[in-house]
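The exercises below are meant to be worked through with the sequence and the coordinates side by side. Each one sets a task and is followed by a solution in steps.

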Amino acid sequence: MDLKLKGKVAMVAASSKGLGYGIAQALAQEGASLSIGSRTKKDIEAAAEKLRNETGVPVLANVLDSSNPQSIRKWTDATLKEFGGIDKLVVNAGGPP
């Protein structure tokens, strides 16, 4: 399927595993460059490396606490610096209290 994502930049929160990783993987398979974020540095870096190896697209790994506005700003700024723009945003955060 061609979703016309080649050359687009997508940010995906909570994407080191599970649903978020699956979303990031599908976007990467369609050719989107990724900026992915998660609270755990080790997990998000491993996810980024796996996505790069599987798809060949650029992937920026970020430590992200989506409940913290400063962390969100840092992630956004890093993405803009790396890719020059943002085309898609997936806010995959939340869960049980």
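**Exercise 1. Decide how far strand 1 (residues 9-13) is enclosed, and find its partners.**

Solution. Five of the five residues of strand 1 are buried, so this strand is largely enclosed by the rest of the structure. Here buried means under 20% relative accessible area, exposed over 50%, and partly exposed in between, with a 1.4 Å probe and protein chains only; helices (H or I, at least four residues) and strands (E, at least two) are DSSP runs, numbered from the N terminus. The model is a predicted one, in which local features need pLDDT of at least 70 and side-chain atom pairs count only at pLDDT 80 or more, while totals for chains, interfaces and linings use all residues. Residues are numbered from 1 along each chain as its sequence is written, and side-chain values use heavy atoms, with hydrogens and water left out.

Next, separate the two faces: Val9, Met11 and Ala13 point one way from strand 1, Ala10 and Val12 point the other way, and all are buried.

Then look for the partners, bearing in mind that two strands pair if DSSP finds at least two bridges between them. Strand 1 pairs with strand 2 (residues 33-38) in the parallel sense over five bridges, and in strand 2 the bridge partner of alanine 13 is glycine 37, while that of valine 9 is serine 33. Strand 1 also pairs in the parallel sense with strand 4 (residues 88-90), over three bridges, and there methionine 11 stands opposite leucine 89.

**Exercise 2. Examine strand 2 in the same way: which residues cover its two faces, and how does strand 2 pair with strand 3?**

Solution. Six of the six residues of strand 2 are buried, so strand 2 too is largely enclosed by the rest of the structure. Ser33, Ser35 and Gly37 lie on one side and Leu34, Ile36 and Ser38 on the other, and both faces are covered. Strand 2 and strand 3 pair in the parallel sense over five bridges, with leucine 34 opposite valine 59 of strand 3. The path between these two strands runs through helix 2, and strand 2, helix 2 and strand 3 make a right-handed β-α-β unit, where right-handed means that, with the strands pointing away from the viewer, the path from the first strand over the helix to the second runs clockwise.

**Exercise 3. Assemble the sheet and place the helices on it.**

Solution. Four strands form an open sheet in the order 3-2-1-4, with parallel pairing. Strand 3 (59-63) and strand 4 stand at the edges with a single partner strand each, so one side of each is left without a neighbour in the sheet. Neighbouring strands are turned against each other by 15° on average, direction ignored; axes are lines fitted to C-alpha atoms, for helices over the stretch in contact, and angles run from 0 to 180 degrees between N-to-C directions. Helix 1 packs on the sheet, where it touches strand 1, strand 2 and strand 4, and its direction makes about 170° with that of strand 1; contact means heavy atoms within 4.5 Å. Helix 2 likewise packs on the sheet, touching strand 2 and strand 3, and its direction makes about 170° with that of strand 3.

**Exercise 4. At what angle do the axes of helix 1 and helix 2 cross, and which residues meet?**

Solution. The axes of helix 1 and helix 2 (residues 41-55) come within 10 Å and cross at roughly 30°. The two helices are therefore roughly parallel to each other, since angles under 35 degrees count as roughly parallel, over 145 as roughly antiparallel, 65 to 115 as roughly perpendicular and the rest as oblique. Tyr21, Ala24, Gln25, Ala28 and Gln29 of helix 1 meet Ala47, Lys50, Leu51, Glu54 and Thr55 of helix 2.

**Exercise 5. Is serine 38 buried or exposed, and what does serine 38 touch?**

Solution. Serine 38, found in strand 2, has 11% relative accessibility and therefore counts as buried. Not counting residues up to four places away in sequence, serine 38 touches Ser15, Ser16, Ile44, Asn62, Val63 and Leu64.
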